[in-house]
Amino acid sequence: MADRTGDMSYETGASTLLRTRRSRVGDCCHVLVGEGKELLKEIRAWILVRFRYRGARVGRSFHVGKAVSIGPGFVAGDFVYIGPHSQLPPRVHIGHYSSLSAQVAIVGSDHQYDKPGVPVVYSGRPPSSVTTIGKDVLIGHGAILLRGISIGNGAVVGAGAIVTKDVPPYAIVVGVPAKVLRYRFDEQEQAIHEEMLAQPATRGQHPGPLM
Ligand SMILES: CC(C)(COP(=O)(O)OP(=O)(O)OC[C@H]1O[C@@H](n2cnc3c(N)ncnc32)[C@H](O)[C@@H]1OP(=O)(O)O)[C@@H](O)C(=O)NCCC(=O)NCCS
């Protein structure tokens, strides 16, 4: 509580103490609410993995939006986010800190269509392959990735891209088919980032809603 005298403002010892205590109580509530939310997220993820995405192996703070389809053999590191209405086939592996925006689809290698005399619907499936998304990757809204490709650590896939080939680490790719627009970091910055990614994953400060 600040007392005002003319143009001067000053605080008494008591008002400073009161303000500090209030802000500590405020901080405490903030931390408790934050931790409560995290706990609820963990419980939600546990229920989803236990009953809906059976057999999936996920790390801490796994977030999956509504109406997401995840195939068997799914593996995700810590702090992975899957946006709503995304479609993930079997055997997708995702590293720590990676985010898939809404409506991301990983498709392909799903139907055989090379058997004369057999309709495609009855032609069977080609061999299954692993799709790898590295650590700290951002896949933009509505991107489509072909199944079996690898996205390197730190890469960014632009909204609406169709990714048909492996993406190098730290590349920013856009378009149809996706091409490298530029690199997110120079070599020295990549080395700093790789060093961080090689450490056990730690929780950070989420930026909050867009303003
Ligand atoms: C790919 C992306 C990260 C690039 O951002 P940026 O570095 O700020 O790029 P710029 O806006 O400077 O654009 C550079 C060029 O790429 C083009 N471009 C940017 N994003 C593009 C995209 N998604 N698809 C096609 N072209 C794109 C721009 O038109 C521009 O082309 P020009 O040089 O011919 O004018 C960003 O545009 C994007 O798609 N982010 C994903 C956002 C998203 O999906 N968020 C989901 C909410 S969580």
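Of the 37 residues in the largest nonpolar core, which touch the most other members? They are Ala143, Ala155, Val157 and Val163. A nonpolar core is here a set of buried Ala, Val, Leu, Ile, Met, Phe, Trp, Tyr and Cys residues joined through C-beta atoms within 7 Å. A residue is buried if 20 or more other C-beta atoms lie within 10 Å of its own, exposed if 12 or fewer, and partly exposed in between, with C-beta atoms placed from the backbone. The elements that give two or more residues to this core are β8, β13, β15 (156–157) and β17. Strands are DSSP runs (E, at least two residues), numbered from the N terminus. In soluble globular proteins, nonpolar side chains tend to be buried together.

The model is predicted: local features need pLDDT of at least 70, side-chain atom pairs count only at pLDDT 80 or more, and totals for chains, interfaces and linings use all residues. Residues are numbered from 1 along each chain as its sequence is written.

One member of the core, alanine 143, touches Val104, Val157, Ala159, Gly160, Ala161 and Val163, when residues up to four places away in sequence are not counted. Contact requires C-beta atoms, placed from the backbone, to lie within 7 Å.

Glycine 140 belongs to the loop between β12 (138–139) and β13 (144–146). This glycine 140 counts as buried because it has 21 C-beta neighbours inside 10 Å. Beyond its neighbours within four places in sequence, glycine 140 is in contact with Ser101, Val157, Gly158, Ala159, Gly160 and Ala161. Its C-alpha atom is separated by 7.8 Å from that of alanine 102, although the two residues are 38 residues apart along the chain.

Glycine 140 is also one of the residues around the ligand, which are Ser101, Gly140, His141, Val156, Gly158, Ala159, Gly160, Ile172, Val174, Gly175 and Leu181. The criterion is a C-beta atom, placed from the backbone, within 6 Å of the molecule. This shell divides into 5 nonpolar, 6 polar and no charged residues. In that division Ala, Val, Leu, Ile, Met, Phe, Trp, Tyr, Cys and Pro count as nonpolar, Asp, Glu, Lys and Arg as charged, and the others, Gly among them, as polar.

The hairpin of β17 and β18 comes next. Strand β17 (residues 171–174) pairs with strand β18 (residues 179–183) in the antiparallel sense over 4 bridges; pairing requires that DSSP find at least two bridges between two strands. Isoleucine 172 has arginine 182 as its bridge partner in β18. There are 4 residues between the two strands, and glycine 175 in the turn has a positive phi of about 95°. Proline 177 lies in the loop between β17 and β18, and the peptide bond that leads to it from valine 176 is cis, with omega near -10°.

Most residues other than glycine have a negative phi, and most peptide bonds are trans. Glutamine 103, not a glycine, has a positive phi of about 60°. It is found in the loop between β9 (99–100) and β10 (105–107), and is buried because 20 other C-beta atoms lie within 10 Å. Serine 109, likewise not a glycine, has a positive phi of about 50°.

Finally, 4 strands form an open sheet with parallel pairing, in the order β5-β8-β11-β14. Because β5 (75–76) and β14 (150–151) stand at the edges with a single partner strand each, one side of each is left without a neighbour in the sheet. Strands β8 (residues 92–94) and β11 (residues 131–133) are joined by 3 bridges, and isoleucine 94 has isoleucine 133 as its bridge partner in β11.

Technical notes. Contact = placed C-beta atoms within 7 Å.
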